[in-house]
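Good morning, everyone, and thank you for making room for me today. Please have a look at the sequence and the model as they come up, and then I will talk you through them.

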Amino acid sequence: MKTVLLIDEDAGFRELMSKWLTVGGWSVLEANDGEDGIQLTVEHQPDAVICDLLMPRCNGFQVCRSIREQGGNIQQPKIIVTTGSGYATDQQNAMEVGADEYLIKPFRADELIRILERRPARQIAVSAAPPLPPKAHAILPADQPPRLKFWGVRGSIPTPGPGTVQYGGNTSCVEVRADGEIIILDAGSGIRRLGLSLAQEFKDQPIDLTLLITHTHWDHIQGFPFFVPAYNPENKLRILGYEGARNGLYSTLTYQMESPYFPVSLQHMPGNIDVTELKELEFSVGKVRVKAAFVNHPGVCVGYRLFSSAGSIAYLPDNEPFQRMRSHPGGQETSDRLEALKYASDQDQKIIEFLKDADVLIIDSQYDDAEYQSHVGWGHGCVEDVVALALFAKVRQLFLFHHDPDHDDAQISKMLGWARQLVAMQGESLAVDAAREGLEYVLQTLSAKP
Ligand SMILES: [Zn+2]
Ligand SMILES: [Zn+2]
């Protein structure tokens with residue numbers, strides 16, 4: 001006689017199942033919680049285990065994992081996970097940790113017996129439906145001049161509310177369309193609305209997208225799980241970035257979507273998603289040449305410069321100029337101060353070279369000078385330094401970016417006014433704007449429009 005172990009906190013339902021299974025010719029064992037269930041599995045090595053998902057002292061996922069971890073030490077039973085709710089993500093997670101079947105309560109005796117006695121689902125051969133002919137991917141009109149659009153401009157954390165309606169409260173995300181490519185810079189919360197807009201624009205026509213990640217701090221990746229085009233199996237999405245300080249790019253993007261943080265894992269997103277960790281600092285996205293540079297920010301963080309047919313866009317959403325950090329009274333107290341300053345100046349010079357003659361510079365301007373004094377070493381810039389950097393590099397259009405979550409619209413406008421004043425005081429012609437959600441900038445015409 002075959003043996004089945006029932007692990008369920010609900011004594012009434014256990015009794016009911018026990019009756020059905022006894023009638024069906026099974027020898028039945030019972031456990032009231034997960035820990036007892038695992039123990040009985042090891043001791044009695046039943047042919048099948050029917051285990052509820054939510055139980056005290058070890059839930060159903062843990063029971064599955066624990067039984068499967070025993071490997072060949074015990075006779076591996078068929079495991080049926082039962083649950084009162086039918087979330088697809090719970091089912092996926094249960095199957096991933098070793099369940100063979102998944103049954104939603106309430107179910108009938110005949111359903112239970114049928115599932116118990118059939119071969120495990122994972123061994124049943126499923127004949128695949130004939131593939132549909134592929135649809136042609138959307139091709140952007142070649143005559144459109146390169147352009148960018150801001151979808152998220154805020155640093156650190158999304159800040160919705162009446163104080164941020166003018167510039168916007170979403171975290172970093174910029175869309176660039178150039179030379180037939182759609183390139184997305186970072187996946188902060190702003191990417192959610194970009195995704196909705198792309199879905200509306202291209203309807204059921206498949207699209208090819210490239211997402212460049214500067215670094216994996218939350219404000220640069222947190223919107224990705226809500227990016228609708230990644231759920232369309234006909235879309236192609238290439239994600240490019242550099243290895244992080246502790247984990248690879250793929251792992252870091254995967255972790256934020258793992259249960260219990262999010263109901264759909266990166267692996268289960270239906271779009272064709274390819275995550276590639278870059279090894280070189282120069283590469284191409286179609287006809288758009290891209291250069292990357294490591295910047296001064298905690299962990300591994302880069303800035304990108306995109307070279308289009310109508311000029312270049314530099315994007316450094318998180319950066320603290322080296323020299324300022326080292327020259328600050330609290331920054332460096334050692335006797336080799338001069339050497340430290342020389343080093344910092346060299347590093348800043350490298351960034352200036354990287355930005356040299358850029359048509360557009362989008363850069364971290366989180367603080368004003370007074371705030372910066374108490375944020376030295378935090379990895380963010382201040383307006384004064386950013387304007388100086390843009391002038392040194394002979395940039396044409398500067399966008400203040402990565403606005404501080406504590407800054408309301410009035411404060412950002414004030415900082416913008418001060419930045420323009422600094423430029424005027426130098427007698428320079430650098431155009432300055434504060435990035436705001438919805439702002440579009442067309443490279444060919446060199447003009448911003450609301
Ligand atoms: Zn950031
Ligand atoms: Zn950061």
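Before I speak of domains, I should say that the domain bounds I use come from an automatic or database domain assignment. Please also keep in mind that this is a predicted model. With that in place, the chain is divided into domain 1, residues 3-123, and domain 2, residues 147-449, and the C-alpha centres of these two domains lie 49 Å apart. Where the domains touch, the contact takes four residues from domain 1 and four residues from domain 2, and on the domain 1 side those residues divide into one nonpolar, three polar and no charged.

Let me turn to the chain as a whole, which has 13 helices and 20 strands. The radius of gyration is 28 Å, well over the 22 Å that the globule rule gives for 450 residues, and therefore the chain is more spread out than a compact globule. Along its principal axes, the C-alpha trace spans about 95 × 60 × 45 Å. Of the 450 residues, 41% count as buried, and if we take the contacts between residues at least 6 apart in sequence, 67% of them join residues at least 24 apart.

Which residues have the most contacts inside the largest nonpolar core? That core has 76 residues, and the ones with the most contacts inside it are I183, L361 and I362, while its largest share, five residues, comes from helix 12, residues 383-392. There is also a second, separate core of 27 residues, which includes M17, L21, C51 and Y102. Coming back to I183, and leaving aside its neighbours within four places in sequence, we find it in contact with V176, A178, T210, L212, V285, V288 and L306.

I would like to finish with helix 6, residues 191-202, where we can check a length for ourselves. At 1.5 Å a residue, its 12 residues should span 16 Å, and because its end C-alpha atoms are 16 Å apart, the expectation and the model agree. Within helix 6, the buried residues are I191, R192, R193, L194, G195 and L198, and what covers them includes strand 6 (147-152), strand 7 (173-178) and strand 8 (181-185). Just after helix 6 comes K203, whose phi is positive, near 45°.

Notes:
Residues are numbered from 1 along each chain as its sequence is written. Chains are lettered from A and ligands numbered from 1 in the order in which they are written. This is a predicted model: local features need pLDDT of at least 70, side-chain atom pairs count only at pLDDT 80 or more; totals for chains, interfaces and linings use all residues. A nonpolar core is a set of buried Ala, Val, Leu, Ile, Met, Phe, Trp, Tyr and Cys residues joined through C-beta atoms within 7 Å. A residue is buried if 20 or more other C-beta atoms lie within 10 Å of its own, exposed if 12 or fewer, and partly exposed in between; C-beta atoms are placed from the backbone. Helices (H or I, at least four residues) and strands (E, at least two) are DSSP runs, numbered from the N terminus. Two residues are in contact if their C-beta atoms, placed from the backbone, lie within 7 Å. Ala, Val, Leu, Ile, Met, Phe, Trp, Tyr, Cys and Pro count as nonpolar, Asp, Glu, Lys and Arg as charged, and the others, Gly among them, as polar. The expected span of a helix is 1.5 Å times one less than its number of residues. The radius of gyration is taken over C-alpha atoms; the globule rule is 2.2 Å times the number of residues to the power 0.38.
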